Amino acid sequence: MDKYSLNIKDKIKVIAFDADDTLWDNETHFLDVENQMCELLSRYADTQDIKDSLFKVEMANMEDYGYGAVAFTMNLIENAIKISKGRVTANEILQISELGRTLLRLDAKPLDGVTDTLEQLKASGKYRLVVFTKGELLTQENKLKRSELLPYFDLVRIVSDKHETEYRNLCNDMSIAADELLMVGNSLKSDVMPALNIGAWAIHIPFAVTWQHEVIESFTHNHMATLSSFSEITKLI
């Protein structure tokens with residue numbers, strides 16, 4: 001299917017956008033902190049062992065901590081203790097904590113084409129625009145403020161995770177049917193699949209880096225388009 005062939009122009013009433021790695025760069029900053037942690041702990045283990053251990057810690061803590069910079073920092077510290085077998089120093093833990101804190105201060109500069117595209121969609125008057133993202137409430141709110149994109153959106157919805165229930169709740173809150181919702185995001189697992197499963201539409205815009213937890217096998221669907229850039233959204237709708 002041609003990526004511009006979805007016939008949805010007369011169906012969509014609400015367009016929901018993921019935030020991290022869709023509106024602004026996020027994962028590359030997390031990866032940079034992870035690499036700096038590996039360097040800091042290099043006397044205890046090699047890089048791959050540290051990374052593998054961190055992912056296991058993240059998955060084990062997911063239900064309790066959820067997603068975001070604070071959760072990530074707690075996982076970094078726990079991993080440092082485990083990978084060093086308790087030998088990590090107080091100063092090293094402090095350095096890891098400071099690395100994690102940098103993720104709370106990201107400038108959230110919009111990715112190429114984001115601001116212009118949102119401006120066009122808002123000016124058209126055809127759609128209500130929503131930020132629909134997961135993560136820590138305060139962290140995501142602050143990034144959205146720093147991005148200066150807030151005026152384009154009619155609603156901001158930050159959830160602990162993005163399952164079909166949350167998508168149905170969004171539709172109910174916006175008083176629309178599922179097939180009147182278009183979800184735009186970088187993650188097939190969190191942004192695309194659950195939206196499609198309730199009968200909504202989806203635009204997948206892959207980002208350069210994907211967190212291991214979000215990686216699933218690619219697929220096609222007659223309610224989905226895959227675009228190479230954010231600016232292409234206006235060509236589709």
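**Entry 1: the strand pair**

I started with the sheet and found that strand β2 (residues 128–134) runs parallel to strand β3 (residues 155–159), the two being paired over five bridges. I then followed the chain between them: it leaves β2, passes through helix α6 (residues 137–147) and arrives at β3, making a right-handed β-α-β crossover. A note to self before going on: this is a predicted model. For a single bridge I looked up Thr133, whose partner in β3 is Ile158.

**Entry 2: empty space inside**

Next I went looking for voids. Rolling a probe the size of a water molecule over the atoms shows where empty space is left. How many cavities of 30 Å³ or more does a search of the whole structure find? I got one. The volume of the largest cavity comes out at about 40 Å³.

I listed the residues around the largest cavity: Ala19, Trp24, Val131, Thr133, Gln140, Leu144, Val156 and Ile158. The elements giving two or more residues to this lining are β2, α6 and β3, and I had just met these three in the crossover. The bridge partners Thr133 and Ile158 both turn up in the lining too. Sorted by class, the lining has six nonpolar residues and two polar ones, with no charged residue.

**Entry 3: positive phi**

I moved on to the backbone angles. Most residues other than glycine have a negative phi, and most peptide bonds are trans. Two residues caught my eye here.

Glu148 is not a glycine, yet its phi is positive, at about 65 degrees. I located Glu148 in the loop between α6 and β3, on the way along the crossover I traced earlier. Is Glu148 buried or exposed? Its relative accessibility is 63%, so Glu148 counts as exposed, the cut-off being over 50%.

Ser175 is my other entry: it is not a glycine either, and its phi is positive at about 55 degrees. I found Ser175 in the loop between α7 (164–173) and β4 (181–185). With 67% relative accessibility, Ser175 counts as exposed.

**Entry 4: an asparagine in a helix**

Last, I checked Asn75, which sits in helix α3 (residues 69–83). Asn75 counts as buried because its relative accessibility is 4%, and the cut-off for buried is under 20%. Which residues is Asn75 in contact with, leaving aside its neighbours within four places in sequence? I wrote down Leu54, Val57, Glu58, Asn61 and Tyr65.

Note on methods:
Residues are numbered from 1 along each chain as its sequence is written. This is a predicted model: local features need pLDDT of at least 70, side-chain atom pairs count only at pLDDT 80 or more; totals for chains, interfaces and linings use all residues. Side-chain values use heavy atoms; hydrogens and water are left out. Helices (H or I, at least four residues) and strands (E, at least two) are DSSP runs, numbered from the N terminus. Buried means under 20% relative accessible area, exposed over 50%, partly exposed in between (1.4 Å probe, protein chains only). Contact means heavy atoms within 4.5 Å. Two strands pair if DSSP finds at least two bridges between them. A crossover is right-handed if, with the strands pointing away from the viewer, the path from the first strand over the helix to the second runs clockwise. On a 1 Å grid over the protein atoms alone, a cavity is a set of points where a 1.4 Å probe fits but cannot get out, and a pocket is an open set with protein on both sides within 12 Å along at least five of seven lines; lining residues have an atom within 4 Å of a point. Grid points are joined across faces, edges and corners, and a volume is the space filled by probe spheres set on the points. Ala, Val, Leu, Ile, Met, Phe, Trp, Tyr, Cys and Pro count as nonpolar, Asp, Glu, Lys and Arg as charged, and the others, Gly among them, as polar.
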